[in-house]
Amino acid sequence: MEKHNTKWFNIECVPHCFKFPQEERPGDAPIPICNKIPVIDLGKSQKNETIKQLLQAGQEFGFFQVINHGIPENVATQTLSTFEEFFNNMTDEEKVNVASRKGWIFTGSQEEVKNGVHLWRDNIKHRCHPLEKCMQSWPDKPATYREVVGRYVAEIRMLSLTILELICQGLGIESGYFNEQSEVQLLSANNYPACPDPSLTLGILKHLDPSLITIIYQGNVSGLQVLVDGKWMCVETVPNAFVVNIGNQLEIISNGKLRSVEHRAVTNSKEARTSIAIFVNPTPNSTVEPAKVLLNDSNPPLYKSILYKDFINASKGFGVHTDVIQNDS
Ligand SMILES: O=C(O)CCC(=O)C(=O)O
Ligand SMILES: [Fe+2]
């Protein structure tokens, strides 16, 4: 208990350095749940119907959820509990000593400053593919971390390849196009502690993901918000579902047919929220460009070809530690 009281977030008022300017704050007005974001059943035998739903969701919202995806529920819930334990057990002193660690990056609220204001979150990032190669340098506390997270990321890799292949077919791109394009898998787990005044703070500022796709598990605590027709909407928590969003790279490859849409994470005053995002990314040296098969006289390329590493370096797509993440091989 004593240890708990020393945590940075265990305070009664939001310190000034966590208060976002008026125009960026979530504010007090209730944000509605968006019940239009499709929940797609991947267990259906009508593959063409599934493909149609995926494409439509990617086009309209840039977001969808998947159920009946084949990943046992306990794989996701155990991983979420493992991250909760990881974040709860890490002392503020341990968090300070970040630079000395190899293979994973921890950023606490102290370091994470966006537009001059601190984010209300702790975060860990590390690579997770190829698994055997990177697993040895992951955290070893809790003792089950590598085993539990390893199983989770292996399942998510298969799910992401299934979704990318269905999207490939839907776009009319040659099968396997994304095999090479999806060689990097990056895990980013967030812990947003309960906040005394969520109207003032943000867990993650409005952003676009620099991935092909991102697969998020958010358990049963909501906090992910998406811009729908210019208005913030909450992404509903659906039991045993994964939230999938289209990243910048897939928007480019689809020549704008699929949309990468702005989203953010807000806090709440009642309970901490933990989310696990897996970014499926191209390798740093691969060229990202609109797929040739989608281009013709009436569909000229809307995006220039770019090396993925140039895109990421220019946008600092993974925050202050982008270089480390890109070069960690
Ligand atoms: O916590 C969430 O649900 C959002 C995570 C997210 O958008 C990200 O990590 O890029
Ligand atoms: Fe995101």
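**The iron site and its surroundings**

Along the chain, the donors of the iron ion (ligand 2) follow the spacing H-x1-D-x53-H. The model that shows this site is a predicted one. The protein atoms that serve as donors are NE2 of His207, OD of Asp209 and NE2 of His263, and they lie 2.1 to 2.2 Å from the iron ion (ligand 2). His207 belongs to strand E9 (residues 204-207) and His263 to strand E14 (residues 263-265), so this pair ties together parts that are 56 residues apart in sequence. The surroundings of the two histidines can be described by their accessibility. His207 has a relative accessible area of 22% and is partly exposed, whereas His263, with a relative accessible area of 3%, is buried.

His207 also leads to the largest pocket. This pocket is lined by 38 residues, and those nearest its centre are Lys114, Arg121, Ile204, His207 and Gly317. The iron donor His207 is thus one of the residues nearest the centre of the largest pocket. The space in this pocket amounts to about 660 Å³. Its lining comprises 15 nonpolar, 13 polar and 10 charged residues.

The second largest pocket has a volume of about 340 Å³. Its lining consists of 18 residues, with Pro198, Gln225, Val266, Thr267 and Asn268 lying nearest the centre. Of the residues that line the second largest pocket, eight are nonpolar, seven are polar and three are charged.

Arg121, already named at the largest pocket, also takes part in a charged pair. Side chains of opposite charge can pair when their charged atoms come close. Across the whole structure, a search finds three salt bridges. In one of them, Arg121 is paired with Glu112, and the closest N and O atoms are 2.7 Å apart. Both partners, Glu112 and Arg121, are buried.

Another salt bridge joins Glu183 to Arg157, with 3.6 Å between the closest N and O atoms. This pair links distant parts of the chain, 26 residues apart: Glu183 is in the loop between helix H7 (177-181) and strand E8 (184-192), and Arg157 is in helix H6 (residues 145-171). The two partners also have separate accessibility classes. Glu183 counts as partly exposed, at 33% relative accessibility, while Arg157 is buried, with a relative accessible area of 11%.

A further salt bridge is formed by the side chains of Glu289 and Lys292, at 2.9 Å from N to O. Lys292 counts as exposed because its relative accessibility is 61%, and the class of exposed residues begins over 50%.

The cysteines remain to be considered. A disulfide requires a pair of cysteine sulfur atoms within 2.5 Å, and by this rule the count comes to zero disulfides. For Cys17, the closest cysteine sulfur is that of Cys195, and the 12 Å between the two sulfurs is too far for a bond. Cys134 is likewise in no disulfide, the nearest cysteine sulfur being that of Cys128, 6.3 Å away. In accessibility, Cys17 counts as partly exposed at 35%, whereas Cys134 counts as buried at 11%.

Note on methods: Residues are numbered from 1 along each chain as its sequence is written. Chains are lettered from A and ligands numbered from 1 in the order in which they are written. This is a predicted model: local features need pLDDT of at least 70, side-chain atom pairs count only at pLDDT 80 or more; totals for chains, interfaces and linings use all residues. Side-chain values use heavy atoms; hydrogens and water are left out. On a 1 Å grid over the protein atoms alone, a cavity is a set of points where a 1.4 Å probe fits but cannot get out, and a pocket is an open set with protein on both sides within 12 Å along at least five of seven lines; lining residues have an atom within 4 Å of a point. Grid points are joined across faces, edges and corners, and a volume is the space filled by probe spheres set on the points. Ala, Val, Leu, Ile, Met, Phe, Trp, Tyr, Cys and Pro count as nonpolar, Asp, Glu, Lys and Arg as charged, and the others, Gly among them, as polar. Buried means under 20% relative accessible area, exposed over 50%, partly exposed in between (1.4 Å probe, protein chains only). Donors are N, O and S atoms within 2.8 Å of the metal (3.2 Å for Na, K and Ca); water is not among the atoms, so sites may look incomplete. Helices (H or I, at least four residues) and strands (E, at least two) are DSSP runs, numbered from the N terminus. A salt bridge is a side-chain nitrogen of Lys or Arg within 4 Å of a carboxyl oxygen of Asp or Glu.
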